[in-house]
Amino acid sequence: LTSFCHELGLPYFYHSDGYTWPIAKELFVESGVDGYGEIDAQAGMDLGEIKEKLPHLVLWGNVDCAKTLTFGPEEKIIAETKACIKKGAPGGGYILGSSNTIHPNVPARNFITMIKTARKYGSYPVKT
C-alpha cells in the first residue's frame, strides 16, 4: 500500500491507536510509511519517545479522546494539548489531534478548547 501511494506521488500515513511498539520496525521503518496517526498515550505510545526514535515520521495525534477530551476539565485539556505541542512540534513534522477520533461523547466545548489552545501555542516558533 505504501509503495502504491508513493508511485502516485502520495504520502502514506499508518493510522492506528493502540500499542504498536512490538511491530514498530516493520510498521514505521521497513514499510516506508511517511507518518503515523492517532498515537494513543493511554496504550503506552509516548509522543516524545516516538519522535526521538522515529524522527523520519510525520506524527499526528496524542490528545486523549477517551478521558481528557470527553471529561475535561478545561485546565487538563489545555495542559495536555500544550504537552503534546511541546513534545511533537520541535523540528516540525507534528499535526496536533486526538488519540483516535472526536467521537460523539466529546463535548464541543472540549474540542474547541483543544483547538483554541493549539492556535495559541501551536504556531511556529512554538510558544510552550
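## A tour from Lys-87 to the sheet

Select Lys-87 to begin; this residue is partly exposed, with a relative accessible area of 38%. The model on screen is predicted.

Now add Asp-46, whose side chain meets that of Lys-87 in a salt bridge, 2.6 Å from N to O. This pair links distant parts of the chain: Lys-87 lies in helix α5, Asp-46 in the loop between β2 and α3, and they are 41 residues apart. Asp-46 counts as partly exposed at 30% relative accessibility.

The whole structure has 3 salt bridges. For another, go to helix α3 and select Glu-49 and Lys-53, whose side chains meet at 2.7 Å, N to O. The two are 4 residues apart in the helix, so about one helical turn separates them. Glu-49 is partly exposed, at 28% relative accessible area. Then select Lys-25 and Glu-30, where the closest N and O atoms are 3.7 Å apart. Both Lys-25 and Glu-30 are exposed.

Next, the interior. The largest nonpolar core has 21 residues, and Phe-28, Tyr-36, Ile-39 and Ile-50 are among those with the most contacts inside it. Helices α2 (24-30), α3 (47-53) and α5 (74-88) each give two or more residues to this core. The most come from α2, with 3 residues. Centre on Ile-50: its contacts include Trp-21, Met-45, Pro-55 and Leu-59.

Finish at the open sheet, where 4 strands run in the order β1-β2-β3-β4 with parallel pairing. β1 (13-16) and β4 (94-95) stand at the edges with a single partner strand each, so one side of each has no neighbour in the sheet. β1 pairs with β2 (residues 35-38) over 4 bridges. Select His-15 to find its bridge partner in β2, Gly-37.

Terms used:
Residues numbered from 1 in each chain as written. Predicted model: local features only at pLDDT ≥ 70, side-chain atom pairs only at ≥ 80, totals over all residues. Heavy atoms only, no water. Core = buried A, V, L, I, M, F, W, Y, C linked by side-chain atoms within 4.5 Å. Buried < 20%, exposed > 50% of the residue type's maximum accessible area, 1.4 Å probe, protein only. Contact = heavy atoms within 4.5 Å. Pairing = 2+ DSSP bridges. Salt bridge = Lys/Arg side-chain N within 4 Å of Asp/Glu carboxyl O. Lists of a residue's contacts leave out its neighbours within four places in sequence.
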